[in-house]
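Subject: Structure for you to look through

Hello,

Here is the structure I said I would pass on. Please open it beside this email and follow along; my notes come after it.

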Amino acid sequence: MEKKKVLGLSFGRKMANTDVMIKTALMECEKAGCEVKFIRVDDLDIKPCTGCISCVVGMTAGFGKGGCPIKDDFHILDEALMECDAVIAGSPTYVLSPTGRFKTVCDRIGPSHDITFRKAAYEEGLAAGKSADQLPDPRSFKKRVAALISVGGAMTENWLDFMLPVMYEFTMSMGIDVIDMNQYYGAMAHEHVLGNEEQMERMKEVGKNIVEALQAETEEERTKWRGKKKGVCPVCHCNMLTIPEDGSTTVECPVCGIYGELVIKDGKITVEFSEKQQKRSRLRWDGKLEHSTEIKTKAVGPGQIPNLKELKKPYIGYAE
């Protein structure tokens, strides 16, 4: 039986907290017989997305594989993602959120790796008689699981509030199922995470949870949430909510893009999300398909504004 492959991606400094925490989880995976790989993403030259959208245009037009025209080291990360069955991604906190490099990688992954765009392009290409090497990598459709790790020096957890919600950008496009996440705050109270036994044990648990998910025999068991905190949203397990301006009790999970009803039970605030809403979370196939279909059917191509070139003239070179 082929070994399951677990990829560790650190957006932190060499041998600092994030590096060591991810490696601790990987060691548990290796003990269980998995093949592991570790990449410190800052060691790679990954340039920002330019917004050219050639990745999506190519796929929707039937001649692209979802590739990117930018020449840098992204292909190294891309191949590692295509190979793996699970990924453990971790980032330090820079002003409430993950690092700029983390966001750059997320921008390069989506929408080029959106599973609904890729699957449609692949299936339509095969139906049109194209060979597989002309189409998006079929490994894109592999079922993967993930754990997200956020690390912050602040002593109060709310200085990390945007970390885990934003980190979902990494797994969203590829449809990777997050089965655990850990938020380590107060890191500056310790010289190094190696001196924090509780966090080290938690990372061992993360590794074991990844192994359990990979060994699961059913889809339900594979995607089962294994994190310590369940969160308000039953899909992403984050606690962030968007409150409507009209004062109604309908609230939104901004990570999943789904709506629930705010209720108070025994003096405690809870949110009830219907099965229908949970199914259309953008972390799940139906939600992603809803998004890609919307773009395919409503996006406007060139020519809608006949005199656009003339309208742009006053802005060319202005205040540059």
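A strand here is a DSSP run of E with at least two residues, numbered from the N terminus, and two strands pair if DSSP finds at least two bridges between them. An example of two residues facing each other is Val251, which stands opposite Gly260 in E7. Keep in mind throughout that this is a predicted model.

The small sheet

Val251 belongs to the pairing of E6 with strand E7 (residues 258-265), which is antiparallel and runs over four bridges. These strands are part of an open sheet of three, in the order E6-E7-E8, with antiparallel pairing. Strand E6 (250-253) and strand E8 (268-272) form the edges, and each of them pairs on one side only. From one strand to the next, the twist averages 45 degrees.

As background, strands of a sheet pair through backbone hydrogen bonds, either parallel or antiparallel.

The five-stranded sheet

Which order do the strands take in the open sheet of five? The order is E2-E1-E3-E4-E5, and the pairing is parallel. Strand E2 (35-40) and strand E5 (177-184) each have a single partner strand, so one side of each is left without a neighbour in the sheet. On average, neighbouring strands of this sheet are turned by 15 degrees against each other, direction ignored.

Helix H1 (residues 17-31) packs on this sheet and touches strand E1 (5-10), E2, strand E3 (86-92), E4 and E5. The direction of H1 makes about 170 degrees with that of E2.

Two of the pairings can be followed residue by residue. E1 and E2 are parallel and share six bridges; in this pair, Leu7 stands opposite Lys37 in E2. Strand E4 (residues 145-151) is joined to E5 by seven bridges, and these two strands also run parallel. Ala147 stands opposite Asp180 in E5, and the bridge partner of Ser150 in E5 is Gln183.

How many of the eight residues of E5 are buried? Seven of them are, so E5 is largely enclosed by the rest of the structure, although it stands at an edge of the sheet. E1 is mostly covered as well, with five of its six residues buried.

Helix H4

Helix H4 (residues 100-109) has these buried residues: Phe102, Thr104, Val105, Cys106, Arg108 and Ile109. They pack against helix H3 (74-83), E3 and helix H6 (163-172). When you look at this helix, it helps to recall a general point. An α-helix has 3.6 residues a turn, so residues three or four places apart point the same way.

Two residues to look at

The first is Arg222, which lies in helix H8 (residues 219-222). Is Arg222 buried or exposed? Its relative accessibility is 10%, and the cut-off for buried is under 20%, so Arg222 counts as buried. The side chain of Arg222 reaches the backbone oxygen of Arg144 at 3.3 Å. Leaving aside neighbours within four places in sequence, Arg222 is in contact with Lys143, Arg144, Val145, Asp177, Ile179, Ala213 and Ala216.

The second is Asp161, in the loop between E4 and H6. Asp161 has 41% relative accessibility; because partly exposed covers the range between under 20% and over 50%, Asp161 falls in that class. Which residues is Asp161 in contact with, leaving aside its neighbours within four places in sequence? They are Leu96 and Met240. Asp161 and Ser97 are 64 residues apart in sequence, yet their C-alpha atoms are 7.6 Å apart in space.

The protein as a whole

The secondary structure comes to eleven helices and eight strands. For 320 residues, a compact globule would have a radius of gyration near 20 Å, and the protein has 21 Å, which agrees. Its C-alpha atoms fill a box of roughly 65 × 55 × 50 Å along the principal axes. Of the 320 residues, 44% count as buried.

Among contacts between residues at least 6 apart in sequence, 69% join residues at least 24 apart. The accessible surface comes to about 17,500 Å², and 54% of that belongs to carbon and sulfur atoms.

Regards

Key: Residues numbered from 1 in each chain as written. Predicted model: local features only at pLDDT ≥ 70, side-chain atom pairs only at ≥ 80, totals over all residues. Heavy atoms only, no water. Axes fitted to C-alpha atoms, helices over the stretch in contact; angles between N-to-C directions. Contact = heavy atoms within 4.5 Å. Rg over C-alpha atoms; globule rule 2.2 N^0.38 Å. Buried < 20%, exposed > 50% of the residue type's maximum accessible area, 1.4 Å probe, protein only. Areas by Shrake-Rupley, 256 points an atom, 1.4 Å probe, with all protein chains shown as cover. Polar contact = N/O pair within 3.5 Å; in protein donor to acceptor, adjacent residues only side chain to side chain.
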